[in-house]
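This report describes ring pairs, one helix and two buried side chains. The sequence and the structure are shown first.

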Amino acid sequence: MSHTAIFEHLTPISLRDAYARIVMAVGESQPDVMMLDADLSKSTKSSGFADKWPERHMNIGIAEQNMVGIAAGLATMNKIPLVNTFAAFLTRRACDQIAISVAYPKLNVKFFGFHGGINLGEDGATQQAVEDIAIMRAIPNIRVYSPIDANDLAWVTEEILAYQGPTYVRLSRFPSPTLLAPESHPENGTPAFRVMREGSDVTVLTTGTLTAKVLAAADVMAQRGLEARVIAVTRIKPLGRELAASLAKWDTPVAVVEEHSVHGGLADAVSFLLDEHAMPHLIHRIGINDRFGESGHPDALMESFGLAGSPLVERLTSLCTAKGAA
């Protein structure tokens, strides 16, 4: 089974649109896959799967806790449930069912949390998930992924379907460039990290489709004579040990930029990894500072929260300046 090399390099596409194409290929190759929705199949783009295989699709309605329980039951019958809804509704409303019904017995359920972060835009704070990675990281036995583009999502889907156990994949809503060329398909599963750009003034770790905006900020910094190394992390849990060795070699300030709360997300995962290896570290956290999201145009929100554009450039530039002053 392979779902690789299906998205053109640099072509913008949203992860939910990519997901719609990927699951159709999955449906053809794996008849044991079931699709579960919570009355949002149009938003999650799973309606095509439902139209083609209605007997393998279940719309549970606005009942996320029940949906997770049904998925657990299907997994005990050797089905592979793909559970789809907004990340905010899945991780906040059904946390107990995810933990006890799925993670505790380590059942083979695949969770997809759509519209993670604040890029959902005008729909506002109640539907924006700024703590979903923290919630899912804290539950034992669950692997957590945040693909950086459409091809990455295809490869992650391939990996999680081969893995026997619960997984969580975070997806975003709006189109983003396809940063990874199809021929860069990883041979042995999701790499510990990807060096998207080299630099010697600051090392910036990021994840998800925010990677494109971090790279754009690095381009602006380069015009000022400052070079940022940009590292993209797709699998947040478990985090690859190779990353700790690389961070030990890179003699630069380290920043983690994430479309997530500064509590419990990628920055915490990296800090824990370095703690495990007894490595002293100072990590500059650039994320959502203990607040909810808000309604607004996605690009405006990203800049308002300091995750893109001039605010991000200035914050990263200050870290380079601090290094020079030292």
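The text below takes the aromatic contacts first, then helix α4, then Arg194 and Tyr168.

The model is predicted: local features need pLDDT of at least 70, side-chain atom pairs count only at pLDDT 80 or more, and totals for chains, interfaces and linings use all residues. Residues are numbered from 1 along each chain as its sequence is written, and side-chain values use heavy atoms, with hydrogens and water left out.

**Aromatic contacts**

Rings of Phe, Tyr and Trp (its six-membered ring) are paired if their centres lie within 6.5 Å; planes under 30 degrees apart are stacked, those over 60 are edge-to-face, and the rest are tilted. By this rule there are five aromatic pairs. One of them joins Tyr19 and Phe114, an edge-to-face pair with 5.2 Å between centres and 85 degrees between planes. Tyr19 belongs to helix α1 (residues 15-29) and Phe114 to strand β4 (residues 110-114), so this pair ties together parts that are 95 residues apart in sequence. Helices (H or I, at least four residues) and strands (E, at least two) are DSSP runs, numbered from the N terminus.

Tyr19 is buried at a relative accessible area of 0%, and Phe114 is also buried at 0%. Buried means under 20% relative accessible area, exposed over 50%, and partly exposed in between (1.4 Å probe, protein chains only). Phe49 and Trp53 form a tilted pair, 4.9 Å centre to centre with 55 degrees between the planes; both residues are buried. Ring pairs also link Tyr19, Phe112 and Phe114 into a cluster.

Two arginines lie over rings, as tabulated here. The criterion is NZ of Lys or CZ of Arg within 6 Å of the ring centre and within 35 degrees of the ring normal.

| Charged residue | Ring | Distance to ring centre |
|---|---|---|
| Arg56 | Trp53 | 4.9 Å |
| Arg143 | Tyr163 | 3.9 Å |

**Helix α4**

Helix α4 (residues 64-76) has 13 residues and spans 19 Å from its first C-alpha to its last, close to the expected 18 Å. The expected span is 1.5 Å times one less than the number of residues. Its buried residues are Glu64, Met67, Val68, Ala71, Ala72, Leu74 and Ala75. Viewed down the axis of α4, they fall within an arc of 165 degrees, so they line one face of the helix; the arc is that of the directions from the helix axis to the C-beta atoms. These buried residues pack against several elements, including β1 (33-37), β3 (80-86) and β4. After α4 comes Asn78, with a positive phi near 70 degrees.

**Arg194 and Tyr168**

Arg194 lies in strand β7 (residues 194-197) and is buried, with a relative accessible area of 10%. Its side chain makes a polar contact with the side chain of Asp152 (3.2 Å). A polar contact is a pair of N or O atoms within 3.5 Å; within protein, one must be able to donate a hydrogen and the other to accept it, and residues adjacent in sequence count only if both atoms are side-chain atoms. Not counting residues up to four places away in sequence, Arg194 touches residues including Trp155, Leu180 and Val230, where contact means heavy atoms within 4.5 Å.

Tyr168 is in strand β6 (residues 167-170) and is buried at 0% relative accessible area. The side chain of Tyr168 makes a polar contact with that of Asp132 (2.7 Å). The C-alpha atoms of Tyr168 and Val144 are 4.9 Å apart, although the two residues are separated by 24 residues along the chain.
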